[in-house]
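Welcome, and please take a moment to look over the model shown here. The report that follows walks through the parts one by one.

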2 protein chains.
Amino acid sequence: MNEERYARIIGNISRCTAMPYEQQQKFLAALEVKQVPKKTQLLRAGEVCDFEAYVNKGCMRSYFLDEHGHEVTLQFATEDWWVSDVVSMAEGKPSRIFIEALEDSELLCIHRGKKEDLYRDIPGLERVFRMMLLRNLGALQDRLFATMAWPAEERYAAVLKRFPELPNRVPQHMIASYLGITPEFLSKLRARRVAK
Amino acid sequence: MNEERYARIIGNISRCTAMPYEQQQKFLAALEVKQVPKKTQLLRAGEVCDFEAYVNKGCMRSYFLDEHGHEVTLQFATEDWWVSDVVSMAEGKPSRIFIEALEDSELLCIHRGKKEDLYRDIPGLERVFRMMLLRNLGALQDRLFATMAWPAEERYAAVLKRFPELPNRVPQHMIASYLGITPEFLSKLRARRVAK
DNA sequence: CGCGACGTTGATTTGCCTCAACGATTGTGG
DNA sequence: CCACAATCGTTGAGGCAAATCAACGTCGCG
């Protein structure tokens, strides 16, 4: 249980609350280690999301699908990020998002059934997940603002600056769908960029 | 302390957790009742947000300001909604948003200093605010999706359907800035609408 | 090898913006 | 209580960012 596998997640949650050793072990014991190969679909729209997954290794993506079949990617999750539809998970309602693996990945999953038990047994945990929600909310607010106030070119530059490794790990048309533009247009933006 | 003034907020939080009478009273005692006249600025970008305000009566708005001075409204908060910059409040960082009163309003405010005390004294409260964050997050996700996948006309129709009273309470150019379009263009959309 | 996924490029179209001018309504100080 | 200025919504002409559609080159992989 003290495997190196859990070093990352422990490091991350203990930045939110100090957690006694015994509670830590209880927490780790509730996790399912899941190896998912590239292209695995973990969640499909219409299903109820029954997990929150911590990305230990690899890269995941969540996205919506509009009525024309166009994707809108909500999030890329690389090492140390969580992926889930937290709303569907908490309220038991069908999700509207898809979650898939972009690389062979190792996940640490908390399942729906065990979440309430954990909250009961580990008092500091509500706080950990409340802070995770806060970070999510802040990021989403910034993104909405950027989407409405900045042109695509600046949004692209901002993403590159924050996640310089992203283009090496995910296909370009998915970055386009994250930016809210077509793959063709992103290609033209890039062409303009190198021209300067 | 059992005034009618608190009926709404008690009704709302008790939908999240059952809270014993004594804890309820402790919660209510921590609230500051605040009467704010129309046009009051409760928060300006650059300040640290030190409150979460429950709208008991009236209407509030939060918004960003871009570098050209254009507003992007984040939220309209009428009766039974919360307004705040929860991220700034929780992390003590300067906010990027403005909050102002669109009508004479009555607010119930929780202040930054008292929040931690309340979490300590009222075990169920973490849960209440975690659920508030969840609702916020869900709403924001839906909005981001709509902004990226739907044309302005459908976004406008969707807002009207969900908040039919909104146009009676807030100026049209603010609805435009909520939709992410210019006031002029919203006006033209409306003209097209009645033509049909 | 051959097929599918991916990125690029060009021609054309369109959704929305900018700027400017113009009524109508509100509210405010003299 | 009126006068005048803001504030607000509307309309039109013109422009630009980004979408659409289509064709084409290039990989990586079964």
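Which element gives the largest share of the surface near DNA strand D? That element is H9(B), with 6 residues. Before going further, please keep in mind that this is a predicted model.

## Around the DNA strands

Let us stay with DNA strand D for a moment. It is surrounded by 16 residues, and the closest are Phe185(A), Gln172(B), His173(B), Ser187(B) and Ala191(B). Both protein chains take part: at least two residues each come from helix H6 (152-162) and H9 of chain A, and from helix H8 (172-179) and H9 of chain B.

DNA strand C also has 16 residues around it, and here the nearest are Gln172(A), Ser187(A), Ala191(A), Ile181(B) and Phe185(B). The elements with two or more residues in this surface are helix H8 (172-179) and helix H9 (183-195) of chain A, along with helix H6 (152-162) and helix H9 (183-195) of chain B. For DNA strand C, the largest share is that of H9(A), with 6 residues.

The table sorts the residues of each surface by class.

| Surface | Nonpolar | Polar | Charged |
|---|---|---|---|
| Near DNA strand C | 7 residues | 4 residues | 5 residues |
| Near DNA strand D | 7 residues | 4 residues | 5 residues |

## Two protein chains and how they meet

How are the two protein chains placed relative to each other? In general, two copies of a chain are related by a rotation about an axis and a shift along it. Here, chain B is superposed on chain A by a rotation of 180 degrees with 0.0 Å of shift along the axis, and the RMSD is 0.0 Å. This is the relation of a two-fold axis.

The chains also touch: 25 residues of chain B are in contact with 26 residues of chain A. On the chain B side, strand E5 (71-77), helix H3 (86-91) and helix H5 (125-149) each give two or more residues. H5(B) has the largest share of that side, 17 residues. By class, the side of chain B that touches chain A divides into 15 nonpolar, 5 polar and 5 charged residues. Because 100% of the interface residues of chain B are also interface residues in chain A, the copies meet through the same surface.

## Chain A as a whole

Chain A holds 9 helices and 8 strands. Along the principal axes, its C-alpha atoms fill a box of roughly 60 × 35 × 30 Å. The radius of gyration of chain A is 18 Å, which agrees with the value near 16 Å for a compact globule of 196 residues.

## The sheets of chain A

In what order do the strands of the open sheet that includes E1(A) run? The order of its 4 strands is E1-E8-E3-E6, with antiparallel pairing. Strand E1 (32-36) and strand E6 (82-83) of chain A are at the edges with a single partner strand each, so one side of each is left without a neighbour in the sheet. Strand E3 (residues 51-57) of chain A pairs with E6(A) over 2 bridges, in the antiparallel sense. There, Ala53(A) is opposite Val83(A). Helix H4 (residues 112-121) of chain A lies across E3 and strand E8 (105-111) of that chain, at about 65 degrees to E8(A).

Another open sheet of chain A has 4 strands in the order E2-E7-E4-E5, again with antiparallel pairing. Its edge strands, strand E2 (41-43) and strand E5 (71-77) of chain A, each pair on one side only. From one strand to the next, the twist averages 30 degrees. Strand E4 (residues 60-65) and strand E7 (residues 98-101) of chain A run antiparallel and are joined by 4 bridges. Met60(A) has Ala101(A) as its bridge partner in E7(A).

Helices from both chains pack on this sheet. H8(A) touches E4 and E5 of chain A, and its direction makes about 105 degrees with that of E5(A). H5(B) also touches E4 and E5 of chain A, with a direction at about 135 degrees to that of E5(A).

## Strand pairs in chain B

In chain B, strand E1 (residues 32-36) pairs with strand E8 (residues 105-111) in the antiparallel sense over 5 bridges. Glu32(B) has Cys109(B) as its bridge partner in E8(B). Strand E3 (residues 51-57) of chain B also runs antiparallel to E8(B), joined by 6 bridges. In that pair, Glu52(B) is matched with Ile110(B) of E8(B).

Definitions and conventions
Residues are numbered from 1 along each chain as its sequence is written. Chains are lettered from A and ligands numbered from 1 in the order in which they are written. This is a predicted model: local features need pLDDT of at least 70, side-chain atom pairs count only at pLDDT 80 or more; totals for chains, interfaces and linings use all residues. A residue is near a molecule or strand if its C-beta atom, placed from the backbone, lies within 6 Å of it. Ala, Val, Leu, Ile, Met, Phe, Trp, Tyr, Cys and Pro count as nonpolar, Asp, Glu, Lys and Arg as charged, and the others, Gly among them, as polar. Two strands pair if DSSP finds at least two bridges between them. Two residues are in contact if their C-beta atoms, placed from the backbone, lie within 7 Å. Axes are lines fitted to C-alpha atoms, for helices over the stretch in contact, and angles run from 0 to 180 degrees between N-to-C directions. Copies are superposed by least squares on the C-alpha atoms of residues with pLDDT of at least 70 in both. The radius of gyration is taken over C-alpha atoms; the globule rule is 2.2 Å times the number of residues to the power 0.38.
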